[in-house]
Each structure stands twice: as structure tokens, then as C-alpha cells.
Amino acid sequence: MPKIIIDGVEIQCRDKIPVLQAALEAGLNVPHYCYHPGLSIVASCRLCLMEMKMPDPKTKEMVWSPKLVPSCQTLVKEGMEVRFNSPAVIANRDKVMEYYLVNHPLDCPVCDQAGECYLQDYSFQFGKPYARTVDPKVKNPKKDIGSRTLLYQDRCVLCSRCVRFAQEVAGSGELCIVNRGDRAEIDVFPGMPLENKLQGNVVDLCPVGALLDKDFLFRQRVWFLNGTDSICRACSTGCAIRVDQNRNILYRLKPRYNPGVNEWWICDEGRFGWKFVHDERRITTPVVRRGAATETPPWDDLPVIIRQHLTAVVQKHGPASVAVQLSPEMACEEAWLLATFIRSIAPEASLALGDVQIVGQEEKFPFGATDGDVKFIIRPEKNPNRRGVEAVINGLGGNVISREDLAARAGKGEFKALWIAGGYPQPGWAGKPLIDAAGKVELLIVQDLFPGPLTEAARIVLPFCAWVEREGTFMNHAGKLQPFDRAIDPPEGAVRDGQYLYALAGHTGLYTGRRVREMMAKTMPEFGQLHVPPPVPEHQH
Amino acid sequence: MIRDSDIVFVDEPRLTAADRLYLPQVVMGLKTTFRHLFKKKVTLQYPEEKRPMRVENYRGVHRLNKDEKGRVACVACFMCETACPAHCIHIEGGEAPWPDREKYPIKFDIDELRCIYCGMCEEACPVDAIELTPEFSIVGLSREEMVFDKEKLLEMFDRTRELKPRKNPVITGYEYNTGGPIPPSDDQTEGLKAPGQPQR
């Protein structure tokens, strides 16, 4: 832990980090565009320049160096003295900002980045309120560089973050800088568009509005969005994300820094894989079938109805006649509430883990990286919480069976009541053995997002909410228990899974993940330890 | 805190015999009435007669201005929606069908019943596309009718363009990409020369 002096104040910082990083971690607002902790250092934006004390060549006395040095390229060293508040540093920022704005169009009103743009912020904080340029601005039309990304070249500040990302993290290196001087621009090679699976990250990395998301383009101004911390559900990596919504409509997902899990990145599959949330086919109300007639009971009556149905089966056929298929889309808390509720009625009920969707192979980034250099992994297991549900099932013990056994035994008529939790974003996830078996049981209760053959056959259908509407924890592939918060309300008529399962299990009041985790941790200590990423310095981006 | 010395006790004046009779007071009152009867009238027979109005800064129903080519001038930047204290503006932006423009409003709804006619939208607009007109007597038979959509607001522009022409030059217009600096408008330079002058 070296000690360095910034602006006359001594601070302690981590070892082997650039001075810029140390200053940001100390809470200083040092402007920077090209520096990103996840990428190599090029020191090309010249905004973070500082003054440093160096030995005078003649007298060997420590004096302020006559030239400014880039703070992103200078590593911290015990006892070094730097300053960011000298007139030379302030004048440099002012000049550099003016230089950046020479060709930048004044199109903030139509630019999607406005509101979270570091050109706006820095020009407001460190630049001039007027422009001295009289020459016409260089016009550079927008370019379609990839299936999901647009490039507005005239807004670009050439920080080369996107180029470095494509080379160093994605490993496919589609982007490059062509030409020199004021004609320099970001481009792709002819016939080779930006098509890697991490391309959404270049939009996050872009400190200005040059790279924009086609999916989010013109959809909403960013100052209307409210962010909620969540966890991505697209694979078992469990990337930390922020869910941006306004008035209960989801607009985009953004990655959060989460060292050891996803660092700064997320894949496009997770980033754009939330469209099912606003699908109109979703199940939004509970349905109870009595013969051919269906009815929608009020949520308050539902616990009693479900209890009556299950108790009738247990009294008739014994406590081992009930089986539950838990879904890897459920949060740990919900799986635990459901399993304990069923076990409270039928103590010998069998628990099974539902379908885990495996698609393709593990994809490691950068392409062709050996194990030590892997910077991002997209896992083939496309459900967020297989491990968490397994932990709940194993923690509860008792009759634990595989899902194949469950379907086979239910098909043979061994189970009279079956509770199947779905919640997979693809309608029609259920396999034939399960559908056949479901048709034979006396009481079928299905929780799902979309109607399908299972919900058609079910006596009781309950809506399964999308993960952005729920609250709880997912345990990722490495056993890290990560909490996610609810970002939006469920569709009208629906109640959060956690809430109705909480009521079903006999608790009163509001369901919160923390309350249930406290109950779980009494018997399963692994649910007492949460993995929450450290905060990012305020002025880091 | 009120001190005792601040309190002034006022006694009711004792009424004289004339006061008790009321008649002198009635005559005094009638005198005022008759005086005003023969003075110049200040009231107006409203629907037939109308007060002179300062059309350039009257804050009536909104309009959406059209540019020289007859297209909606709005660039869907949502500044008015952001500034609106009554949350009565609802915009949906989209990619403009014209090559020289980036963004335009697909939908532009103003709830004229919810609006408080403060004029913040007009001030916030960077392209002077939304303006308040001198039109104030609008009627509708339902609430839905009073939610003005894009077509209705553009129609308001056609109805009021003679009365109140679109005067302000576009300051930060979308002509940015036609090249060349945009000269500061006259109002701005005047404002810089004489700061603090009351604007009339």
C-alpha cells in the first residue's frame, strides 16, 4: 500500500495501479476518455495530464516537472507527489476540451447519449461555455457497423476504447481507426461488420454518443430511466447488471462492475434477451379449473384453495403422493418457500430440479484464449439458478429425485399431485414425457410465464413473473450467491412469485429476500453469505 | 413573537343618531353608484367584444411549428416533456424519414386539460418547435378530445401562423450538419450588450 501525495493531500492506494486510478479511488474528478481499467493503456486523450515532482537534472532537488505527464500511464510509487489543480493542468484540460469540440456537432437534443455523455459533463465542468471555431465542422455521416450497433462518426472523440475492446476482450478485432489527423475515424473492414457476441459493450464503453445501440435508439431519454441492481438471467455466469426502466417499461440492461464474475462486461444474449418480459401472451392471472369451468379467484383466497386441493390428495393417497419440480429460473428463496410449503402438507413429497437448458458450447473471450487470459465466458447453461435450486433441494434433503424419474414415476401413476414450476422465457419448453405424465395426475399445479400444454392440462395455473419483477438471489456456476432486486411491477393481475409463495407458506406481510434468507440460513448456512460487488469510484467510467 | 406593546386595542366607535337611522349612509352609497353610472365603462360584452391581446406573449393553446418544407420542426428531444411541471406532454421519438434530419416525433400528445399554460415547454425547446398561441377558447365534448395529438397541434400552427408568425430564428437547429457556424441571433447580442435591462 504505497502512500502518494495528490494536490498536497497524502493518500494511501493500492499497489501497481496508475495514478489516475488512485486519484479516482480517492474521490477526485479527473477527466479521462481513453483510460479504462479493463483495457490496455494508450494515453491518447490527453485529458488526465498531471504535474509530477521529478529530480532536477542539475541540483537533484525535487521540483515540478516542466511538462505534463499522463496520469493514466504513470504507475503509483511510494512517496510520489503529483497535482491536478495547478494552472498548467487546468489550462490543458480547457484546451483539450476545446479541441474535442472543434468538430463535434451541437446535436445533443437528438443524441441518445445526452444525459450520460462525458463530453457534455467534461465540457460543462472543465471546458468553455462558448466556441471560438469559425470554420465549418467536418461532416461525417453515420455508419452501420454491425447488426446491433450504429456509429455516428462526427460525435467520436477517438479514445479508441471500442477498438481496444474488440481486440483485447472480444478478440475478434473488427474495429480499427483509419486515416490520420482530423480525418481519422473508426471503421470496420469491408464485408466484415462488428458481429461478435460482446458488441453491446462498445456502446457502454463509448464515453460519448458515437456508438449507439440500435435496440435502444430513440426509445427513451436517459434521464427518465431509473436503474435497479440486478443479476442477468441468460446464463449461469450470473453477470451483475443494472435494469433501466421508466414507468414500468423496461428499456435496456447495462452491465455493472463485478470483479471475478463478469468484470465490466455482459454478452448480447443477456443484454437483449429481456424482450419476453413485455410479451402480451404472458399469464397474468391465477386460474382454477373445476371440470370444464374456469375461474380466477382473488389472490387472497388462493392459499386456502391450494391448501384444500393438496390436503385432499394427501389424505386420499398418502404423504408420498406429491412431487414438485422446481425450476432453475426460480430464486433460491422462492424455491425454498415452495419446497417447505409442499413438505409441510406432504412430508414425504419428492423434490426434483426441472429442465436445465444447455445450448451450445462454452464460449471464451478473447477468441482462442488459453485459460489464464480468459476475460469473459458465456456459459452453455442458459438458466441462472441451477446451482441455487440444487443447494435448496440438497439442503432440505428427504426424497430427492431426478426430473426423468419424476416424469417416469408420474407417468406410472405413482404421484397423484404434481407441482411444476416453469418460468422459462421460451414458450413450449416442456418435454413430451413431462406433458404425458402431467395428463395422468389427479392434481396438477403449474407456474409458468406462457400458456402451453402443461397449463392447458393443469387444475391450477399460477403466473410466474419475469426475474426483473421478482426479488431474491441467484447462485451462479461458481456458487456465488448474488441478490437481485425488483425493477418493475408484474403485469396487471399478477402478484410476485415470492409474495404468493410467502403467503402460501403461511407467513403474513411483505415478502423480502432478506427475510426469507434469514429463515433459510438457520438450516443452510451457505445462504447467509451474499456476494455483492464493490462500489465503483464516483467519477470512474 | 408578539410583545404586549405591539398590541393595539381598538374600541368600536359609538354610533350617532344619524348613523343609527342608516338613511344618510344609503344616500352616500347611491351617490357612488350614480357617479360610476355616468363614467366610461370598463367592462366588456365578452363574446361580442374582446379585449386587445398581446399575441406575441399570450399563453394559450400549444402549436407545433412547421419548417420551411412543411415538416414538423420538432426533433423529439424531450426537453419540453422534461421541463413540463404538469407532465402533460407525451412524445414518442423515431428515426426521421428525411435524410437531413436525425429524429422526429412519431407521436406528440399534449393533454390540454392537464396543462397549466406556464410556457416552460416553449422556453425549453431548442428548435422553437413548440409555441403557445393566442388561441384560448377551445372546447371539446370529451377528455380524449382535449388531448391534442401531433396532427391537431400542426393544424393549430396553420390556424395561427398569420396571427403569430414563427418569428424566432432557429438557434440550435438541426441545420447543424449543413456546415457553417450559426450566427448569434439579434436578441442574444442585445442581451449581452445591456445586461439587466428590463425586457418589454
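Helices (H or I, at least four residues) and strands (E, at least two) are DSSP runs, numbered from the N terminus. With these labels in hand, the loops and elements named below can be found in the structure shown above, which is a predicted model.

A good place to start is the meeting of the two chains. Here 18 residues of chain A are in contact with 19 residues of chain B. Between them, chain A and chain B bury about 1600 Å², and carbon and sulfur atoms account for 65% of this area. Two salt bridges are counted between the chains. In one salt bridge, the side chain of A:K142 meets that of B:E95, at 2.9 Å from N to O. Five residue pairs, with both residues at pLDDT 80 or more, are in polar contact between chain B and chain A.

On the side of chain B that touches chain A, α3 (79-83) and β2 (89-95) of chain B each supply at least two residues. The most comes from β2(B), which gives four residues to this side. By residue class, the side of chain B that touches chain A comprises eight nonpolar, seven polar and four charged residues.

Chain B also carries a nonpolar patch on the surface, formed by B:L21, B:Y22, B:L23, B:V26, B:L30, B:F34, B:L37 and B:F38. Together, the residues of this patch have about 930 Å² of accessible area. Helix α2 (residues 23-37) of chain B provides the largest share of the nonpolar patch, five residues. Another member of the patch, B:L21, lies in helix α1 (residues 17-21) of chain B.

Attention now turns to salt bridges in general. Side chains of opposite charge can pair when their charged atoms come close. Over all chains, the count comes to 49 salt bridges. One pair within chain A is A:E363 with A:K197, whose closest N and O atoms are 2.9 Å apart. This pair links distant parts of the chain, 166 residues apart: A:E363 sits in strand β19 (residues 363-365) of chain A, and A:K197 in the loop between β10 (185-188) and α5 (200-205) of chain A.

Two backbone details in chain A complete the tour. Most residues other than glycine have a negative phi, and most peptide bonds are trans. A:F365 and A:P366, however, are joined by a cis peptide bond, with omega about -5 degrees. A:P366 belongs to the loop between β19 and β20 (376-378) of chain A. A:N248, a residue other than glycine, has a positive phi, near 65 degrees. A:N248 is placed in the loop between β13 (240-246) and β14 (249-255) of chain A.

Technical notes
Residues numbered from 1 in each chain as written. Chains lettered and ligands numbered in written order. Predicted model: local features only at pLDDT ≥ 70, side-chain atom pairs only at ≥ 80, totals over all residues. Heavy atoms only, no water. Contact = heavy atoms within 4.5 Å. Buried area = accessible area lost by both parts, 1.4 Å probe. Salt bridge = Lys/Arg side-chain N within 4 Å of Asp/Glu carboxyl O. Polar contact = N/O pair within 3.5 Å; in protein donor to acceptor, adjacent residues only side chain to side chain. Nonpolar A, V, L, I, M, F, W, Y, C, P; charged D, E, K, R; others polar. Patch = residues over 30% accessible without salt bridge, like charges linked within 9 Å, V, L, I, M, F, W, Y side chains within 5 Å. Areas by Shrake-Rupley, 256 points an atom, 1.4 Å probe, with all protein chains shown as cover.
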